[in-house]
Amino acid sequence: MTFWLTVAGMVAVTFGSRLAGLSLQRPLPEAALRFLHFVPIAVFAALVAPSLAGFQGEGEARIAAAALAALAAWRTRQLWVAIAVGMAVFWLLRIPF
Amino acid sequence: MTGATFLRGFRAMAPLWLGVVPFGVAYAVVARAAGLSALETQALSLLVFAGSAQFSAAGLFGRGAGGAEIVVTTFLLNVRHVLYGLALAPSIRLPWRRRLAAAFLLTDEAFGVVASSRERSFPFLLGCELSLFVTWNISTAAGVALGAAIPDPVQLGVDFVFPLAFLALLVPLLRTRVELAVAVSAGGASWLVSRVEPGGIPIVVAGVLGAALGALLTREQPPPPAVDPESARREVA
């Protein structure tokens, strides 16, 4: 139930934003434009950081894998390549020697 | 005539399908790994239809975040759509009912293609929008099917796909020193807050603080262009 209520809220704010732009007639203030530009950057970074710590004390493997995935993302700009590189490194480092 | 214009819009998006499909598949795999059911995963694609917000919501559901935090994060990520509507409205006259349809299906990609083309009409816009909607939902369904084929997600460490996916979404956005500083600060703030408060609060706090920091550091510069078809086309639904 909580899930569907959350979805209703997500639909409301998303559809609301899309409809507001098509219906409003005046542009947004410059400060709002600057703020919006940085929202995806801040939110994505905020989602990455806590997940790197991980559980079962494998934080080092996660950070190493994430670093190489970031490098792959930077070079290729491909979501899939970055995920594949990161998972491959992560799995390799988790093999007990 | 109207049908032909619609089809032209539908086909104008075809070059973007190649980027949308892996993104939709990845979203579905991430959402399933976060514990959403197949129906819930698909419902987000059908009802919310906003890639980065769906990714974040999946990540937040997986972290046990509350509904309010997920809705606030969705709002922060999607309020940029106001800009697209503002840019399109003067050149495409939309009566009430058409406006509802155009708004429900509006995305970065559809905006990018329409804004950079000479065609400005409701059928063309709707063709572009539906083209992405259909592709996004088919690839979500494909990802759900693929996710079901992964035997033991936790044992395999599939939860690690979350930070990797967000990292891959984040890295191409970092082009200036301020953008890098915002990412590092938001990441640090979120990590610190998550020590004392798990769930979605750290993401909302760090998201707002990070974006405010970026706005503050660039207050002397001209605002980023609201209409940047090239980057809108590159970014995610």
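In this predicted model, B:Leu88 counts as buried, because its relative accessibility is 2% and the cut-off for burial is under 20%. The residue sits in helix α6 of chain B, which covers residues 81–88. Beyond its sequence neighbours up to four places away, B:Leu88 touches A:Leu22, B:Leu106, B:Phe111, B:Val114 and B:Leu125. One of these partners, B:Phe111, is 23 residues away along the chain. The C-alpha atoms of B:Leu88 and B:Phe111 are 7.9 Å apart.

The rest of helix α6 of chain B follows a similar pattern of burial. Seven of its eight residues are buried, so the helix is largely enclosed by the rest of the structure. Those residues are B:His81, B:Val82, B:Leu83, B:Tyr84, B:Gly85, B:Leu86 and B:Leu88. B:Leu83, also placed in α6 of chain B, is buried because its relative accessibility is 11%. The C-alpha atoms of B:Leu83 and B:Thr176 lie 22 Å apart, with the two positions 93 residues apart along the chain. Helix α11 of chain B, residues 161–170, is mostly covered as well, with 10 of its 10 residues buried. Among them are B:Val161, B:Phe162, B:Pro163 and B:Leu164.

The two chains meet across an interface. In chain A, 63 residues are in contact with 94 residues of chain B. Together the chains bury about 6,800 Å², and carbon and sulfur atoms account for 81% of that area. On the chain A side, A:Arg18, A:Leu22 and A:Phe44 lose the most area to chain B. Together these three make up 12% of what that side buries. A:Leu22 is also one of the residues that B:Leu88 touches.

What polar links join the chains? There are 13 residue pairs in polar contact between chain A and chain B, both residues of each pair being at pLDDT 80 or more. The count of salt bridges between chain A and chain B is zero. Four helices of chain A each supply at least two residues to the side that touches chain B: α1 (2–23), α2 (30–53), α3 (59–76) and α4 (79–94). Helix α2 of chain A gives the most, with 23 residues. By type, the residues on this side of chain A divide into 46 nonpolar, 10 polar and seven charged.

Chain B is assigned two domains, domain 1 (2–153) and domain 2 (174–224). Their centres, taken over C-alpha atoms, are 25 Å apart. Each domain puts eight residues into the contact. The area buried between the domains of chain B is about 580 Å², with 72% of it from carbon and sulfur atoms. B:Arg63, B:Glu69 and B:Leu76 supply 66% of the area that domain 1 buries against domain 2, more than any other three residues. Between these domains, the count of salt bridges is zero. The count of residue pairs in polar contact, both at pLDDT 80 or more, is zero too. Helix α5 of chain B, residues 67–78, gives the most to the domain 1 side, with four residues. That side divides into four nonpolar, two polar and two charged residues.

Over all chains, the whole structure holds four salt bridges. Side chains of opposite charge can pair when their charged atoms come close. One salt bridge joins A:Glu30 and A:Arg34, with the closest N and O atoms 3.4 Å apart. Both residues lie in helix α2 of chain A, four residues apart, about one turn of the helix. A:Glu30 is partly exposed because its relative accessibility is 44%. A:Arg34 is buried, at 8%.

Another salt bridge joins B:Glu119 and B:Arg8, at 2.4 Å from N to O. This pair links distant parts of the chain, 111 residues apart. B:Glu119 is in the loop between α8 and α9 of chain B, while B:Arg8 is in helix α1 of chain B. B:Glu119 is partly exposed at 23% relative accessible area, and B:Arg8 is partly exposed at 35% relative accessibility.

A further salt bridge joins B:Arg80 and B:Asp108, at 2.7 Å from N to O. Here the partners are 28 residues apart, with B:Arg80 in the loop between α5 and α6 of chain B and B:Asp108 in helix α8 of chain B. B:Arg80 counts as buried because its relative accessibility is 10%. B:Asp108 is buried too, at 0%.

Conventions:
Residues numbered from 1 in each chain as written. Chains lettered and ligands numbered in written order. Predicted model: local features only at pLDDT ≥ 70, side-chain atom pairs only at ≥ 80, totals over all residues. Heavy atoms only, no water. Buried < 20%, exposed > 50% of the residue type's maximum accessible area, 1.4 Å probe, protein only. Contact = heavy atoms within 4.5 Å. Buried area = accessible area lost by both parts, 1.4 Å probe. Salt bridge = Lys/Arg side-chain N within 4 Å of Asp/Glu carboxyl O. Polar contact = N/O pair within 3.5 Å; in protein donor to acceptor, adjacent residues only side chain to side chain. Nonpolar A, V, L, I, M, F, W, Y, C, P; charged D, E, K, R; others polar. Domains from an automatic or database assignment.
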